[in-house]
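Good morning, and thank you for coming. I would like to take you through one structure, beginning with a term that we shall need along the way.

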Number of protein chains: 2
Amino acid sequence: MKGTTPAEADASPSTEGPRAWKEKFVSIEDCPIRTVINQIGDKWSVLILAVLGTRPHRFGELRREIDDISQRMLTQTLRDLQRDGLIARRVIPTVPPSVEYSVTALGKSLLEPMSRLIGWAERHQAEIKLARQRFDDSVAPE
Amino acid sequence: MKGTTPAEADASPSTEGPRAWKEKFVSIEDCPIRTVINQIGDKWSVLILAVLGTRPHRFGELRREIDDISQRMLTQTLRDLQRDGLIARRVIPTVPPSVEYSVTALGKSLLEPMSRLIGWAERHQAEIKLARQRFDDSVAPE
DNA sequence: CCGAATCCAATCTGATACTG
DNA sequence: CAGTATCAGATTGGATTCGG
């Protein structure tokens, strides 16, 4: 995926002029979409962003709250998100040093379209699950 | 037979707050978000959905239009999307058989939140790129 | 407490060749 | 034309261990 519409009137992909997309799509080069989807499409980014969206968290807090993430992936994902300017890292020089993460303005702005997608997922999860079952049954009914 | 989805009322509350999310997140088990993000987070799904969103395409058309996708990945991604009920596969029994793919009602409903995300990516791509450069420079200023 | 480094298994992707 | 099969390389994610 790749470029898209002018970005404001995006609500009608199928009725209006998705025509414009295609042209940008096919040229994979500097696809901005890929950049984003690849980042939030990994295993933990969306979850971390969502959690940080509620309030800032310290490293240990995040770890406890997600709890099935390995320390390695938490560190790495936080780093990547920070690199993209979506979250901010603030070192607090206490005795045992602590580090606080929070979403930046840019990160907050992402949270909104992201929540739409999440909302969609929630509303349609049952439908998807059903479709999967039907498909799997019809393929391997044996 | 398939969707029968309403598929129209997806323009959910803009920012009803990530508050409610967290609880559902932390229990990873049947997290609906993962299901969706994992699917569209792969390398080709969003692109294919977007292209099919403009109009139905035949297999070969898709292949030519995307052109840097391998036949293997095109087949596989289409299959996965079909499995989730997002696209429909219609075999046309012509002499050399042809197969047409199109987005279902469910797929169309996904296109909307998806395009929001894409729009966000476009609007902020420069900002992200800049953030990355700054980060990379500060890390390896050598 | 926070995070970097190493090792390793699992998954994903592409190239190529083959079938109906 | 559409799809499958197999193999090799790249990426990802987890466990463990060490350091500031």
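A residue is called exposed when its relative accessible area is over 50%, buried when that area is under 20%, and partly exposed in between. Please keep in mind throughout that this is a predicted model.

Let us apply the term at once. Is D67(B) buried or exposed? Its relative accessibility is 52%, and the limit for exposed is over 50%, so D67(B) counts as exposed. This residue lies in the loop between α4 and α5 of chain B. Its backbone deserves a remark as well: D67(B) has a positive phi of about 65°, although it is not a glycine.

We may now turn to chain A. D67(A) is placed in the loop between α4 and α5 of that chain. With a relative accessibility of 55%, D67(A) is also classed as exposed. Its phi is near 65°, again a positive value in a residue other than glycine. D68(A) is found in the loop between α4 and α5 of chain A too. Here the relative accessible area is 37%, which lies between the limits of 20% and 50%, and therefore D68(A) is partly exposed. From D68(A) to V99(A) there are 31 residues in sequence, and the two C-alpha atoms are 20 Å apart in space.

Next, the interior. The largest nonpolar core has 65 residues. Which of its members touch the most others? They are I48, L49 and I87 of chain A, and I48, L49, L78 and I87 of chain B. As an example, consider I87(A). Leaving aside residues up to four places away in sequence, I87(A) touches nine residues listed here by name: L49(A), L52(A), L78(A), L81(A), Q82(A), Y101(A), S102(A), V103(A) and T104(A).

A word on rings. How many aromatic pairs does the structure hold? Over all chains, the number is zero. Charges do sit over rings, however. The charged end of R34(A) is placed over the ring of W44(B), 4.8 Å from its centre. Likewise, the charged end of R34(B) sits over the ring of W44(A), at 4.8 Å from the centre.

I now come to the DNA, starting with strand C. Around DNA strand C there are 19 residues, and the closest are F59(A), R89(A), Y101(A), K43(B) and M73(B). Of the atoms of this strand that come within 4 Å of the protein, sugar and phosphate account for 59%. A side-chain N or O atom of Y101(A) lies 2.9 Å from a phosphate oxygen of DNA strand C. For G60(A), a backbone N or O atom is 3.0 Å from a phosphate oxygen of the strand. Which element gives the largest share of the surface near DNA strand C? That element is α5(A), with four residues.

Finally, DNA strand D. It has 17 residues around it, of which K43(A), F59(B), G60(B), Q71(B) and R89(B) come nearest. Sugar and phosphate make up 61% of the atoms of DNA strand D that come within 4 Å of the protein. A polar backbone atom of G60(B) is 2.6 Å from a phosphate oxygen of this strand, and a polar side-chain atom of R58(B) is 3.1 Å from a phosphate oxygen.

I close with R72(A). A polar atom of its side chain lies 2.9 Å from a base oxygen of DNA strand D, and an N or O atom in the side chain of R72(A) is 3.3 Å from a base oxygen of DNA strand C. Thank you for your attention.

Note on methods: Residues are numbered from 1 along each chain as its sequence is written. Chains are lettered from A and ligands numbered from 1 in the order in which they are written. This is a predicted model: local features need pLDDT of at least 70, side-chain atom pairs count only at pLDDT 80 or more; totals for chains, interfaces and linings use all residues. Side-chain values use heavy atoms; hydrogens and water are left out. A nonpolar core is a set of buried Ala, Val, Leu, Ile, Met, Phe, Trp, Tyr and Cys residues joined through side-chain atoms within 4.5 Å. Buried means under 20% relative accessible area, exposed over 50%, partly exposed in between (1.4 Å probe, protein chains only). Contact means heavy atoms within 4.5 Å. Rings of Phe, Tyr and Trp (its six-membered ring) pair if their centres lie within 6.5 Å; planes under 30 degrees apart count as stacked, over 60 as edge-to-face and the rest as tilted. A charge sits over a ring if NZ of Lys or CZ of Arg is within 6 Å of the ring centre and within 35 degrees of the ring normal. A residue is near a molecule or strand if one of its heavy atoms lies within 4 Å of it. A polar contact is a pair of N or O atoms within 3.5 Å; within protein, one must be able to donate a hydrogen and the other to accept it, and residues adjacent in sequence count only if both atoms are side-chain atoms. Helices (H or I, at least four residues) and strands (E, at least two) are DSSP runs, numbered from the N terminus.
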